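Colleague: Could you walk me through a couple of features of this model?

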Amino acid sequence: MALKSRSLSKTFMWIVMALLMVGLAGFGAVSFTGTQRSIGSVGDQEISLDRYARTLQQEIRAVEAQTRQPLPFPQAQALGLPQQVLSQLVTAAALDHEAFAMGISVGDARLADELRQIPAFQGPDGSFDRQAYGFALQNAGLTEAQFEADLRAETARTLLQGAILSGTAMPDTYTDTLLAFAGERRAFTYATLTDTDLTAPVPVPSDSDLTAWYEDNIDRFTLPETKVLTYVWLTPEMITDSVEVDEDALRAAYDERSAEYNIPERRLVERLVFADNAAAQTAADAIASGETRFEDAVKARGLSLSDIDMGDVTQADLDAAGADVFAAAPGDVVGPLPTSLGPALFRVNGVMAAQSTSFEEAIPDLRGELALDRARRVIETQAQDFDDRLAGGATLEQLASETDMQLGNIAWYPGVDAEIAAYDAFREAATAIGTSDFPAIDGLGDGGIFAMRLDEIRDPAPRPFDDVAEDVAAGWADDQITAALTEQAEALVSRLTQGETFTDIGLTPVEEPGLTRNANARGLPAGVLAAVFDMATSAVQSVPGDAAVTLVRLDDVLPADRTSEEAQALVQALQNQAAGDMAQDIYNALASDIQQRAGVEIDQTAINAVHAQFQ
């Protein structure tokens, strides 16, 4: 939460980013001339017109960075960004007014020290660079006096803010009460009935049954708002057959990947290292005579087989021991043999034959990869030309007929991910596209490109019965199974209530010794956990599910385990959240009180002038 920041250094960096980076000409800075200098005031603190423009521009750029889409100003207004910025600046001005009234400020020495710490004002050697300082402020359209006044005010505001937000701790009673609720547990036993437990089969539905069920559950089969899109796209795979790869390139790629195509013979080996030859030989003799096994020798060293497993190795990997190990058969133990760690015994667990793929055999694989790589480069060089054609008035249909791009249509809504809709970039563009947008080339992320046009927006509408007949039949059957099992469960609930066990009624129970209301228990049927927290001890209840019904008995209500790590973490999280919320409320209350005492004046005409510059 920005309001809870108590770090002056972070505050200074925020100021630099807000006043310098966003104000740079490269971001399209907005500047104003004339006699109008403010959009309003809080008490004796004016809100400058330029500051409102810069802050509003910063918020717009932040949204654009998140969405990766341009944000027209009318859309920014629809999102409420101007109101948010105005509220922020009014609050800041109120705190400035209060800090000034209380005499809170920062001295010149401290201000100079903080200026020297800002990286934007440092030279290559890390020291303060006056030329860099002046240049940065000039690009931001600020004088040194303006910036230093803003920095001084922000420092005073931060000190006041820190005083407001610090020390807001909630009483233990508050967190204890929340923990007692959130950490309370339930011990229960349950068993689930499924279609295999039915005492009678589900009847065969008539056409009228299915039609009625379809109409009663029409929301399940209603498509959301759908965008009918025409698109063209081109992926590397589409043009690999037309991309030529010469033999020299294939040879070079084969040589570069020689290690992949020519794999030497390998062995699966375990290595047991000893301190000296005598100990190694004693172990080898015991294994050879059958007195002990290799596994026992490993265990006697305090090791496991995973500790000595070398995996698959080549003869060269084993240095001087390689020849003897590679001469052994699977299951043989050889040694002692010299290694860099000392004398060792080796056991061979498997032989992996050498693999050699000739250049001719590798050509299809190499050609496919090289062709894809070259196809990507071809598409990259063509993309700008395609985009220029669209900008010049060419239609998607013309682009498809004149180039390798392929034309397609799709009725798209969130959840459709077939073919081109499987690409994130396409789905993001489809979400953002409007009726006034023109087709433009964009990337798919794998070297492919696409462009789209919105032809129609269809309102939400049900899918035709014939298109969803199978789903309707399955849904009707699930509901019938659930209804039949619920009826069976009523008799079983009565028997359990009268003292019979789950085993007595022919069910295999599952016991949960204690779950909190927010527990994530794997395999627990949906709805069961919520149900047990509404039940009395020893009560039995049936919980319907999807073509299933669960019988559950509450065995005990357990208090929160306050000694567990989870409980301690929960207490800390509750304390932090509550303290933060209270601090925020205090901050908002003070800001509102200052505004009421000092008085707020807003010049809507000046604000409209700023907005006009963004149109």
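**A pocket and a helix pair**

Modeller: The second largest pocket holds about 590 Å³ of space (a pocket is an open set of points on a 1 Å grid over the protein atoms alone, where a 1.4 Å probe fits, with protein on both sides within 12 Å along at least five of seven lines). This is a predicted model, in which local features need pLDDT of at least 70 and side-chain atom pairs pLDDT 80 or more, while totals for linings use all residues. Residues are numbered from 1 along each chain, and hydrogens and water are left out of side-chain values.

Colleague: Which residues sit closest to the centre of that pocket?

Modeller: Of the 21 lining residues (those with an atom within 4 Å of a point), the closest to the centre are Gln69, Pro70, Ala432, Ile433 and Asp437.

Colleague: And which element gives the most to the lining?

Modeller: Strand E14 does, with three residues; E14 (449-458), H2 and helix H19 (424-432) are the elements that give two or more (helices are DSSP runs of at least four residues, strands of at least two).

Colleague: Switching topic, how do H2 and H4 cross?

Modeller: The axes of H2 (residues 49-67) and H4 (residues 81-101), which are lines fitted to C-alpha atoms, come within 10 Å and cross at roughly 130 degrees. H2 and H4 are therefore oblique to each other (neither under 35, over 145, nor 65 to 115 degrees).

Colleague: Which residues make the contact?

Modeller: With contact meaning heavy atoms within 4.5 Å, they include Tyr52, Leu56 and Ile60 of H2 and Val85, Leu89 and Asp96 of H4.

Conventions. Axes are lines fitted to C-alpha atoms, for helices over the stretch in contact, and angles run from 0 to 180 degrees between N-to-C directions. Grid points are joined across faces, edges and corners, and a volume is the space filled by probe spheres set on the points.
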